[in-house]
Amino acid sequence: MKDWQMDSKKVLHRTSSLLQNKSFTDVTFIVGPTTASKKYVGHKVLLAMTSPVFESMFYGDMADKAKVIRVADIAPIGFENLLRYAYTDALNFERVEDAMLTAMAAKKYLLPHLLQECFNYIEINVSHTTVCQVLEFALSLESHHLVFQCLNIIDRQTYHVLTSPNFSKVSLAVLEIIVHRKHLNLHSEMILYSALFLWAQEESKRRGLEPTIENVRTVMDKILPSIRFLAMTAEDFSKGPAKTGLLSKEECFYIFMNLASPGITSVPQGICLETLKRTSPPEYYVCTRFKPISFHTPIRPLRVFGIRFALTNMDVFVVGLGISIRLDTGYYSVRNSSYEGLLRCTCKFPDERLAREELKVNFVLMKDKDVRIKFRKPLFARKGVQYEIELQTRSSVSQDVLAPNNHSRKREETAEGATFQFSAFKKGHQNELMEVMEFSEIMFYY
């Protein structure tokens with residue numbers, strides 16, 4: 001084993017030296033847009049051993065014989081980091097932006113290990129100053145865990161996100177996501193309005209327009225209906241939206257009327273009717289399929305738990321599950337009744353593709369409340385897809401456990417706007433050996 005490690009270090013040293021002295025290079029890359037491109041050289045055989053895309057490019061049936069290759073859709077720093085990884089198996093990111101650009105290169109050249117290294121760095125280093133750019137990046141690469149992390153930062157560090165110097169550069173797509181969030185950690189809607197107004201002024205300039213109030217109103221056209229003017233105080237509204245001239249006199253009149261006496265008159269079309277202030281979100285939302293009224297001692301050992309569901313109206317992140325089992329109140333032991341198991345989530349997409357994800361989980365039984373299992377990372381659940389989640393514990397759950405008497409499981413339930421449709425979870429071949437129990441709750445976020 002030690003000899004192998006020594007040999008691998010020697011090989012790595014030789015390939016690293018090739019990157020430094022450029023000996024025997026046989027291909028040149030011109031990377032980046034024409035106005036800011038950089039030149040890199042490499043060795044076809046080594047790059048082909050690293051990436052299937054390079055292998056096809058240099059040695060496939062349609063191999064490119066050119067010695068100079070133009071790569072216009074990748075940033076130079078991203079390609080440079082890809083080369084460093086190919087030659088030295090090492091990375092040295094200095095900024096989140098560099099990791100995102102490298103990830104785009106890793107995706108283009110099908111380097112999953114490099115892509116995961118980029119994701120790992122971004123997850124550790126994303127902050128309120130970069131979260132909006134990271135969210136756009138994560139959505140484009142369908143990195144659901146990173147999307148979940150970004151939404152949590154936006155929802156909980158909202159003030160710092162909105163007042164970050166980078167916020168004025170946010171894309172319209174990300175901006176729409178933010179203004180549609182039900183929960184944001186704000187003490188006043190005025191903070192959100194002020195940030196959006198400054199963004200619109202900068203966006204006007206990016207579109208080649210003068211930042212006049214008319215152009216700002218046009219730029220804000222898609223997001224204006226999501227601003228909660230009726231959740232502002234009369235003072236905030238008068239110092240902000242009313243004073244800037246963004247809204248017409250008629251719109252201001254009807255909003256002032258409703259701020260003084262809620263519901264006294266209708267408001268013009270396009271003005272948000274929501275009067276509640278946005279507040280910091282809970283850790284997660286809960287969809288309850290059934291609530292136990294009483295408990296009984298299981299006839300057979302408990303080892304398999306599951307649930308089948310589909311979402312009808314939105315995508316969510318499943319962050320945990322609840323099981324209505326408890327310790328018998330007469331149970332006494334100096335040890336915790338802790339259990340470990342493997343959780344499998346399987347789904348079938350409309351195009352018949354199957355997907356499976358596995359997570360290791362653990363939980364502790366208590367006498368006074370049901371079990372809630374939180375996942376180390378969320379499971380992304382798409383609208384319209386049927387999901388089955390099954391948990392098998394390593395050992396049978398204690399004989400001193402109490403299971404629920406639940407005769408009315410809901411077939412459909414809506415929680416926080418997310419509608420879940422349920423179907424029975426059955427494992428026929430195991431029924432004779434153990435009791436199969438359904439999860440009572442789905443803990444989720446969106």
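**Exercise 1. Which side chains does a polar contact of 2.9 Å join: that of glutamate 441 and which other? Place glutamate 441 in the fold as well.**

Keep in mind as you go that this is a predicted model.

Step 1. Find the partner: the side chain of glutamate 441 makes its 2.9 Å polar contact with the side chain of arginine 372.

Step 2. Locate the residue: glutamate 441 sits in strand β17, which covers residues 441-445.

Step 3. Check its cover. Buried means under 20% relative accessible area, and glutamate 441 has 16%, so call it buried.

Step 4. Look around, skipping neighbours within four places in sequence: glutamate 441 touches Val286, Cys287, Thr288, Leu321, Gly322 and Arg372.

**Exercise 2. Work out whether the span of helix α8 agrees with its residue count.**

Step 1. Helix α8 runs over residues 144-156, which makes 13 residues.

Step 2. At 1.5 Å a residue, the expected span is 18 Å. The C-alpha atoms at the two ends are 18 Å apart, so the check works out.

Step 3. Now see who is tucked away: the buried residues of α8 are Leu146, Val147, Phe148, Cys150, Leu151, Asn152, Ile153, Ile154 and Asp155.

**Exercise 3. Take the salt bridge between aspartate 73 and lysine 108 and say what parts it ties together.**

Step 1. Start with the distance: the closest N and O atoms of aspartate 73 and lysine 108 are 3.2 Å apart.

Step 2. Place both ends. Aspartate 73 is in the loop between β3 (68-71) and α4 (76-88), while lysine 108 belongs to helix α5 (residues 96-108), so the bridge links parts 35 residues apart in sequence.

Step 3. Compare exposure: aspartate 73 is exposed at 54%, and lysine 108 is partly exposed at 34%.

Step 4. For context, the whole structure holds 24 salt bridges.

**Exercise 4. Do likewise for arginine 409 and glutamate 438: is each one buried, partly exposed or exposed?**

Step 1. Their side chains form a salt bridge, 3.1 Å from N to O.

Step 2. Arginine 409 lies in the loop between β13 (401-404) and β14 (412-415) and glutamate 438 in strand β16 (residues 435-438), so parts 29 residues apart in sequence get tied together.

Step 3. Arginine 409, at 38% relative accessible area, is partly exposed, whereas glutamate 438, at 7%, is buried.

**Exercise 5. Describe the nonpolar surface patch that includes tyrosine 59.**

Step 1. The members are Val45, Met49 and Tyr59, with about 370 Å² of accessible area together.

Step 2. Tyrosine 59 is part of helix α3 (residues 52-59), and its relative accessibility of 48% makes it partly exposed.

Terms used:
Residues are numbered from 1 along each chain as its sequence is written. This is a predicted model: local features need pLDDT of at least 70, side-chain atom pairs count only at pLDDT 80 or more; totals for chains, interfaces and linings use all residues. Side-chain values use heavy atoms; hydrogens and water are left out. Helices (H or I, at least four residues) and strands (E, at least two) are DSSP runs, numbered from the N terminus. Buried means under 20% relative accessible area, exposed over 50%, partly exposed in between (1.4 Å probe, protein chains only). A polar contact is a pair of N or O atoms within 3.5 Å; within protein, one must be able to donate a hydrogen and the other to accept it, and residues adjacent in sequence count only if both atoms are side-chain atoms. Contact means heavy atoms within 4.5 Å. The expected span of a helix is 1.5 Å times one less than its number of residues. Patches are made of residues with over 30% relative accessible area and no salt bridge: like charges are joined within 9 Å, nonpolar side chains (Val, Leu, Ile, Met, Phe, Trp, Tyr) within 5 Å. Accessible areas come from the Shrake-Rupley method with a 1.4 Å probe; for residues, only the protein chains shown count as cover. A salt bridge is a side-chain nitrogen of Lys or Arg within 4 Å of a carboxyl oxygen of Asp or Glu.
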